[in-house]
Amino acid sequence: MWRSLISFLWQQPCPCCGRVSPKTICRDCERRLKAWEVQQRQRYWQGSLPLFPWGYYQQDLKRAIATMKYNNHPELGNLFGQWLARSWLEAKMAQHLPLQIVPIPLHRDKLQSRGFNQAVRIAQGFCRALELPFAPQGLIRQRATQSMFQLSLRERQANLENAFHLGKGLQRERWLLLCDDIYTTGTTAQTAAAVLREAGYKVLGIITVAVVTPNQLAGSTVKATSIKASVHSTTAP
Ligand SMILES: [Zn+2]
């Protein structure tokens, strides 16, 4: 009886649909989100900066990521981090390597207006589930950058020039694994990895909640040159 009373008192609105739920999100939303889980991750785990995405940046998952960022639901970040951790374990990734997780940072202006960095929350969920160390301030975003979705590859690179600087708390003996919410063309991840590698750190790859598929990029206003480059950088950079 006590257990049912406690679970009743703990019920909160599901951030995705508003119905009360004893868990972070309701069972229906969880089922809908899990329909977008990536099945064949091997095709992304290759090249100079391999990618481990949890799901496709489509429909329910796309809306849930927007809810997390723009409707102030950082708890979704922790939940996505746990889902990533489960998939990481199931895929038996990097089992014998010492890892440290480094979230892609936000510029302080954006951090102030949003109140949290979604990449930090995702990394937190991931690290707690796998008992891994993470470096929330391993990288610092020095420059505010504009939204990248509609920029060409060259514009993206110019936009990110000198955007990242080395922060603190990084461990040289560990392999660094970057963490972000969405992977679009990989320019942000590549730029962040380059800063770490230039400073002599080993970077294994990047984990993200969602990946934008080449088809989605082709359908957006991103210019043709950047689409070719992004496909290239996803598969064989
Ligand atoms: Zn729901």
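**Figure 1. Salt bridges of the predicted model.** Eight salt bridges are counted in this structure, which is a predicted model. Side chains of opposite charge can pair when their charged atoms come close. The views that follow show individual pairs, together with the solvent accessibility of the residues that form them.

**Figure 2. Close-up of the salt bridge between Arg19 and Asp28.** The closest N and O atoms of Arg19 and Asp28 are 3.4 Å apart. Arg19 has a relative accessible area of 42% and is therefore classed as partly exposed. Asp28 is likewise partly exposed, at 29% relative accessibility.

**Figure 3. Close-up of the salt bridge between Asp60 and Arg63 in helix 3.** The side chains of Asp60 and Arg63 meet with an N to O distance of 3.3 Å. Both residues belong to helix 3, which spans residues 59–70. Because Asp60 and Arg63 are three residues apart in this helix, about one helical turn separates them. The two partners fall on opposite sides of the accessibility classification: Asp60 is buried, at 17% relative accessibility, whereas Arg63 is exposed, at 52%.

**Figure 4. Close-up of the salt bridge between Asp181 and Lys69.** In this pair the closest N and O atoms lie 2.8 Å apart. Asp181 is located in strand 7 (residues 175–183) and Lys69 in helix 3, so the salt bridge ties together parts that are 112 residues apart in sequence. Asp181 is buried, with a relative accessible area of 4%. Lys69 is also buried, its relative accessible area being 12%.

**Figure 5. Close-up of the salt-bridge network of Arg19, Asp28 and Arg31.** Salt bridges with shared partners link Arg19, Asp28 and Arg31 into one network. The pair shown in Figure 2 belongs to this network, with 3.4 Å between the closest N and O atoms of Arg19 and Asp28.

**Figure 6. Close-up of strand 3 and its pairing with strand 8.** Strand 3 comprises residues 51–56 and is mostly covered, five of its six residues being buried. Strand 8 comprises residues 202–211 and runs parallel to strand 3, with five bridges joining the two. Within this pairing, Pro53 stands opposite Thr208 of strand 8.

Technical notes
Residues are numbered from 1 along each chain as its sequence is written. This is a predicted model: local features need pLDDT of at least 70, side-chain atom pairs count only at pLDDT 80 or more; totals for chains, interfaces and linings use all residues. Side-chain values use heavy atoms; hydrogens and water are left out. A salt bridge is a side-chain nitrogen of Lys or Arg within 4 Å of a carboxyl oxygen of Asp or Glu. Buried means under 20% relative accessible area, exposed over 50%, partly exposed in between (1.4 Å probe, protein chains only). Helices (H or I, at least four residues) and strands (E, at least two) are DSSP runs, numbered from the N terminus. Two strands pair if DSSP finds at least two bridges between them.
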